[in-house]
Amino acid sequence: MLRVEKVTKKFGGVVAVRDVNFRVKPMEIFALVGPNGAGKTTLFNIITGALPPTEGHIYFKDEEITNLSPIKIVDLGIARTFQNIRLFNSMSVLENVLIGFEKSYNYTFFEAVFRLPRFFKEEKIHIEKAMEILKFLGLEKDANVNAKALSYGNQRKVEIARALATEPDLLLLDEPAAGMNPKETEELADTIFKLREEKEKTILFIEHDMKFVQKIADRVMVLDYGKTIFEGKPALMMQDETVVKAYLGDIDVEG
Ligand SMILES: Nc1ncnc2c1ncn2[C@@H]1O[C@H](COP(=O)(O)OP(=O)(O)OP(=O)(O)O)[C@@H](O)[C@H]1O
Ligand SMILES: [Mg+2]
């Protein structure tokens, strides 16, 4: 599904990502972990076209996507959420999800301004689809609430809802459990399993909560100073000496 080949990213003298290689299989749940500044978000930025790599190639469904525009990459079926929540606070939950459909809006600006019939038709279909996504995430009762009024955990879910509105095959989640309480984290795990089982999504996620990673990931890759230091089953990661030394010493293993 996704193939990252020999990707390096330099910011001036800083090598944020160093010759990284990995593959994510269809319907896999793949975790990317590592200490702060390890290069995880930079890798997401490169995969989604927000940043060009200094070296290396990205392939999605066997097609090279290196250096394609972010919009084109969304069109091909990759969507993401952000480490720092990026919602429109003055808009409702539903409106925030509707933004995800922008890319598929096929009415013209003229029609939108003058609210011609096709506009209403499109809008109605999108509202129905958005409500279905919100229902899937257990947020339908909050559809008309202002996004900023929601709990932190639910705001993270709205980000997922907006990403789902673009109808991706591959979903990139940057620290989805950050700031969630244990109950919200447990619900998020169920939601991610459901996204795979019922919607056939492939998930690549970044996370610091090791319990969460152990619970949901099929495979995990550990980055340290931009370099891969481990790739394999989450249970084995905890026994790997290099990982324990480089990483587990300075994080909250209890989550
Ligand atoms: N746009 C940028 N310009 C310059 N340096 C950057 C840029 N983005 C990231 N970096 C640097 O690249 C390195 C990797 O950062 P990145 O945000 O990818 O880490 P991360 O693994 O996501 O960390 P965290 O767990 O804190 O989110 C850091 O040293 C960071 O300062
Ligand atoms: Mg990050």
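Thr41 is partly exposed, with a relative accessible area of 25%; the class partly exposed lies between buried, under 20% relative accessible area, and exposed, over 50%, with a 1.4 Å probe and protein chains only. The model is predicted, so local features need pLDDT of at least 70 and side-chain atom pairs count only at pLDDT 80 or more, while totals for chains, interfaces and linings use all residues. Residues are numbered from 1 along each chain as its sequence is written, chains are lettered from A and ligands numbered from 1 in the order in which they are written, and side-chain values use heavy atoms, with hydrogens and water left out.

Thr41 (OG1) and Gln83 (OE1) are the protein donors of the magnesium ion (ligand 2), at 2.0 to 2.3 Å from it. The two donors come from distant parts of the chain, 42 residues apart: Thr41 belongs to helix 1 (residues 40-47), and Gln83 to the loop between strand 6 and helix 3 (93-98). Donors are N, O and S atoms within 2.8 Å of the metal (3.2 Å for Na, K and Ca); water is not among the atoms, so sites may look incomplete. Helices (H or I, at least four residues) and strands (E, at least two) are DSSP runs, numbered from the N terminus. Gln83 also counts as partly exposed, at 29% relative accessibility. Helix 1 itself is mostly covered, with seven of its eight residues buried; Lys40, Thr42, Leu43, Phe44, Asn45, Ile46 and Ile47 are the buried ones. Gly49, which follows helix 1, has a positive phi near 85°.

The largest pocket holds about 550 Å³ of space. On a 1 Å grid over the protein atoms alone, a pocket is an open set of points where a 1.4 Å probe fits, with protein on both sides within 12 Å along at least five of seven lines, and lining residues have an atom within 4 Å of a point. Grid points are joined across faces, edges and corners, and the volume is the space filled by probe spheres set on the points. The lining has 21 residues, and Val74, Arg80, Phe82, Arg162 and Thr166 lie nearest the centre. Helix 2 (70-76), strand 6 (78-80) and helix 6 (152-165) each supply at least two lining residues, and helix 2 gives the most, with four. Because domain 1 (1-77 + 168-255) and domain 2 (89-165) both contribute to the lining, the pocket lies between them; the domain bounds come from an automatic or database domain assignment.

An open sheet of four strands has the order 2-1-4-5, with antiparallel pairing. Strand 2 (14-24) and strand 5 (63-64) are at its edges, each with a single partner strand, so one side of each has no neighbour in the sheet. Two strands pair if DSSP finds at least two bridges between them. Strand 1 (residues 2-11) is joined to strand 2 by seven bridges, with Lys9 the bridge partner of Val17. These two strands form a hairpin with two residues between them, and Gly12 in the turn has a positive phi of about 60°. Strand 4 (residues 55-60) is joined to strand 5 by two bridges.

Strand 7 (residues 170-174) pairs in the parallel sense with strand 6 over three bridges and with strand 8 (residues 202-206) over five. Five of the five residues of strand 7 are buried, so this strand is largely enclosed by the rest of the structure.
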